[in-house]
Amino acid sequence: MAEDLAWENQSLVSEFILLGFSSHPQTQLMLFVAFLVLYLLTLLGNGLIITLILTDSRLHTPMYFLLANLSFLDISYTTTTVPQMLIHLLSKKKAITYARCAAQMYIFLSLGITECVLYTVMAYDRYVAICHPLHYTVIMSKPSCIKLAAGSWTCGFLFAMMHTGFTMRLPYCGPNKINHFFCEVPAILKLACADTRVNEIVDFVLGVILLMTPLSLIVVSYCFIFATVLKIRSTEGKFKAFSTCSSHITVVTLFYSAAMFMYMRPASSYKPERDKKFSLFYNVVSALLNPFIYSLRNKDVKGALVKLVCKK
């Protein structure tokens with residue numbers, strides 16, 4: 001009790017300073033232009049995917065419904081961090097209030113966890129389509145797809161509440177400079193003026209649950225898929241089956257490799273300059289690449305794009 005009161009008396013931090021990537025004006029201007037272009041391309045690419053899926057009746061299938069959810073997630077994911085980063089690159093004051101920092105952390109974690117679960121649902125969709133094609137329309141019916149997508153979002157927002165609560169319950173009594181471009185858990189924990197060992201254990205356990213469990217289910221799904229595909233006699237049939245999965249495998253690899261590096265390692269291995277780049281990759285670059293990966297490898301999406309352009 002006395003320790004808790006002491007913490008409360010020390011918790012004087014009302015705002016944090018986000019140091020970002022550079023303090024040099026010329027470098028900041030270059031980074032502003034680069035990140036603005038990346039952000040606009042992310043909005044354009046993912047927005048285009050959503051538009052094509054909504055407007056083309058040929059894309060009104062479970063796979064594309066889940067892809068539209070992924071594109072909306074990617075837009076929301078980057079919008080949580082990038083606009084603020086752009087403002088800070090042009091302004092002298094790079095402060096963020098305690099409440100806004102907690103809100104940003106919660107929304108960012110919610111969307112990230114939702115994306116982890118959604119990738120698993122997308123793998124399940126491919127498993128049913130290839131391993132149980134005759135039952136596909138029954139298993140992946142519209143109500144089922146809505147429930148699976150809603151479940152992904154619900155898991156994300158519930159687990160993020162736990163993650164954020166454990167992090168922000170700690171006292172932050174100074175310093176208040178975050179060597180990052182947004183309020184990410186590992187960077188925030190470095191500023192806590194209390195023992196963070198329990199938080200580090202909780203973060204690791206949540207990392208195992210929220211990253212390894214979905215990834216394991218994805219791997220199991222693809223083991224069944226590959227076993228089924230290998231039984232197909234024609235080369236053309238095998239290629240067609242594999243091609244429907246290649247885009248998903250690519251985006252899962254990009255997202256999970258960076259996310260696992262950030263959230264499934266000892267806190268002692270935290271290196272701000274290196275970790276900021278990894279965060280940028282799975283927060284911005286991954287969201288930018290997803291629509292290009294899906295459109296370049298997908299005849300249906302390219303066909304819908306041609307159809308939309310011809311109409312215009």
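Is Asp 195 buried, partly exposed or exposed, and what is its relative accessible area? In this predicted model, Asp 195 is partly exposed, because its relative accessible area of 44% lies in the range between the limits of under 20% for buried and over 50% for exposed residues. The side chain of Asp 195 meets that of Arg 197 in a salt bridge, with a distance of 2.6 Å from N to O. Arg 197 itself is exposed, with a relative accessible area of 58%.

The pair formed by Arg 197 and Asp 195 belongs to a set of 3 salt bridges in the structure. Side chains of opposite charge can pair when their charged atoms come close. Another of these contacts joins Arg 58 to Asp 56, at 3.0 Å from N to O. Asp 56 is buried, and its relative accessible area is 3%. A further salt bridge links the side chains of Asp 125 and Arg 126, at 2.9 Å from N to O. Both partners of this bridge, Asp 125 and Arg 126, are buried.

Helix α11 comprises the 13 residues from 299 to 311. At 1.5 Å a residue, a helix of this length should span 18 Å, and the end C-alpha atoms of α11 are indeed 18 Å apart, so the expected and modelled values agree. The buried residues of α11 are Val 301, Ala 304 and Leu 308. Seen down the helix axis, these buried residues fall within an arc of 60°, and they therefore line one face of α11. An α-helix has 3.6 residues a turn, so residues three or four places apart point the same way. On the other side of α11, the exposed residues include Lys 299, Val 309 and Cys 310.

A nonpolar patch was also identified on the surface, with an area of about 550 Å². The patch is made by Leu 29, Val 33, Val 37, Leu 41, Leu 44 and Leu 90. Helix α2, which covers residues 25-55, gives the most to this patch, with 5 residues. Leu 44 has its place in helix α2. With a relative accessibility of 57%, Leu 44 counts as exposed, because the limit for an exposed residue is over 50%. Leu 44 is thus an exposed residue that takes part in the nonpolar surface patch.

Notes
Residues are numbered from 1 along each chain as its sequence is written. This is a predicted model: local features need pLDDT of at least 70, side-chain atom pairs count only at pLDDT 80 or more; totals for chains, interfaces and linings use all residues. Side-chain values use heavy atoms; hydrogens and water are left out. Helices (H or I, at least four residues) and strands (E, at least two) are DSSP runs, numbered from the N terminus. The expected span of a helix is 1.5 Å times one less than its number of residues. Buried means under 20% relative accessible area, exposed over 50%, partly exposed in between (1.4 Å probe, protein chains only). The arc is that of the directions from the helix axis to the C-beta atoms. A salt bridge is a side-chain nitrogen of Lys or Arg within 4 Å of a carboxyl oxygen of Asp or Glu. Patches are made of residues with over 30% relative accessible area and no salt bridge: like charges are joined within 9 Å, nonpolar side chains (Val, Leu, Ile, Met, Phe, Trp, Tyr) within 5 Å. Accessible areas come from the Shrake-Rupley method with a 1.4 Å probe; for residues, only the protein chains shown count as cover.
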